[in-house]
Amino acid sequence: MGGVRRRLMAGAIVVVFAVALMATAAEGYISKETWAAIGRANRHGPFVGLVVPNAFEMVPVLNSPKFVASKTVPNLDVQGRRFRFGTIGGQNVVMVMTGLSMLNAGLTTQMLLSLFRVKGIVHWGIAGNANEELQIGDVTIPEYWAHLSLWNWQRYGDGKDNELPLEAAGDYTREYGFLNFSDYTVGQGDPELAANELNSIWYQPEEVFPASGVPEDRQHAFWVRASERYYALAARLEGMELPRCVNGTTTTTCLPRAPRVVRVSKGCSGNVFVDNARYRQFLRAKFGCTAIEMESAAVALVAYQQGVPFITIRSLSDLAGGGSALGNEASMFIGIAAQNAVDVMLEFVPLLKDDVGGH
C-alpha cells in the first residue's frame, strides 16, 4: 500500500511540475536571465539589424569571411528566434531569420527593434520579378514598398462608384484602386459569361501607429519609403560585378548577360506566392511593382512606425508566372539569385559604419 502511495505522490509531483512548466511557457514573458543576456549583447551596439527571410538566404552570410561572428555573444535565442551577433566590414550587426510571410517578418522585426540597440535595418533575399526589362539574377533595391494583400472584397452587383462597407467611418478606402475578376474571365465577348460573382477586391492601406504619434490614434500607410540616405548610398553598388554563369555537374549554364544592381521605384509584398503571369502584369501596370515577394513590406511598416531607417535588397529569381526564355530555368539560377543578394548586402553594410542613425 505504501508503495502505491509513493507512486501516486510521485505521479502527482510530475503532473504539477509539468503544469507549472506549461504555465510558464504560456505566459510568454522574457526571463531575467534572458534580459541580462540581452543587456550584455547591447553593450556592443548600436547595431545594423540584418533581417533575412529564409535559411538558404542566410547561410551564405554565415559562410562568408566578411561576416565575423562575435566571440563574446555569438548568438542569443529569444522566444523562437535566434539573434546572431558579429561584424561586417567593421560594422557591428545583429542578424535574425524571420521565416516565410508578412506575419513572421513583422513580428521578428519588432522583436529585433524592441530588444536591441538597432540604428538601421538591412533586409535582403530573393523575389519574383514583375518587370520584364530585368532578368533573373538582377538585384533590385526599391525606394518604396507596399503591402498588397489587405483587401476590401466588394459584394457582387456593386461597382466602382458604390461606397465600400465602413468606408464612411474611415476604415476602408477606394483611393488605391481595385482588381475586377471579370476583366480576366475567358470569353469576355459574351457579357453573361464574362460576369464573375467574385466581383472586385479593393487594395487597402495599413493602419499604423507611429512611435512618434499619439498611442491608439491610427494613421494609414500604403507606400512606405526606404531611408533616403540608405537609398542614396545604394547608388554606389550599381556597378558591382555579379556572376553570370552557374556550374552544373556536366555543363555550365549562363544568363544572357551579367546580372546588375538596379535601384528601382517600387516593390510589392503580400501573403501570396505569385506564379501567375496575368496577375504579375496587373501588379506591374497598376502599382509599378518590380520585386514581388512576401516579407519586405512588413519589415518596412514596422521600421516606419518605430522611426528606424531601412532598406531592402532583393535579387530576382524568376519572372513571376513565366513567359520569358528563362521562365522555366528559375530553379537552375536560384543559387545565383540568393548569392547575389547576399553579396550586395555584404558590400552595403560597411557603408553604414559611420552612420549614427535616423533617416
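In which strand is the place of tryptophan 153? In this predicted model, tryptophan 153 belongs to strand E8, which covers residues 151-153. Its relative accessibility is 45%, and because the range between 20% and 50% is called partly exposed, tryptophan 153 is placed in that class. On the surface, Trp153 joins Trp151 and Leu198 in a nonpolar patch, and together these residues present about 300 Å² of accessible area.

From this patch one may turn to the chain as a whole, which contains nine helices and 18 strands. Its accessible surface amounts to about 18000 Å², with 55% of that area belonging to carbon and sulfur atoms, while 47% of the 359 residues count as buried. When contacts between residues at least 6 apart in sequence are considered, 76% of them join residues that are at least 24 apart.

The interior can be followed through its nonpolar cores. The largest of these has 42 residues, and the ones with the most contacts inside it are Phe83, Phe85, Phe116 and Ile121. Helix H8, formed by residues 296-306, gives the most to this core, contributing seven residues. Another core, of 30 residues, lies apart from the largest one and has Ile311, Val342, Met345 and Val349 among its members.

Phenylalanine 116 offers a view of the surroundings of one core residue: leaving aside residues up to four places away in sequence, phenylalanine 116 touches Ile38, Ala41, Asn42 and Leu76, as well as Phe83 and Phe85, and these two phenylalanines are themselves listed with Phe116 among the residues with the most contacts inside the largest core.

Conventions: Residues numbered from 1 in each chain as written. Predicted model: local features only at pLDDT ≥ 70, side-chain atom pairs only at ≥ 80, totals over all residues. Heavy atoms only, no water. Patch = residues over 30% accessible without salt bridge, like charges linked within 9 Å, V, L, I, M, F, W, Y side chains within 5 Å. Areas by Shrake-Rupley, 256 points an atom, 1.4 Å probe, with all protein chains shown as cover. Salt bridge = Lys/Arg side-chain N within 4 Å of Asp/Glu carboxyl O. Helix = DSSP H or I, 4+ residues; strand = E, 2+ residues; numbered from the N terminus. Buried < 20%, exposed > 50% of the residue type's maximum accessible area, 1.4 Å probe, protein only. Core = buried A, V, L, I, M, F, W, Y, C linked by side-chain atoms within 4.5 Å. Contact = heavy atoms within 4.5 Å.
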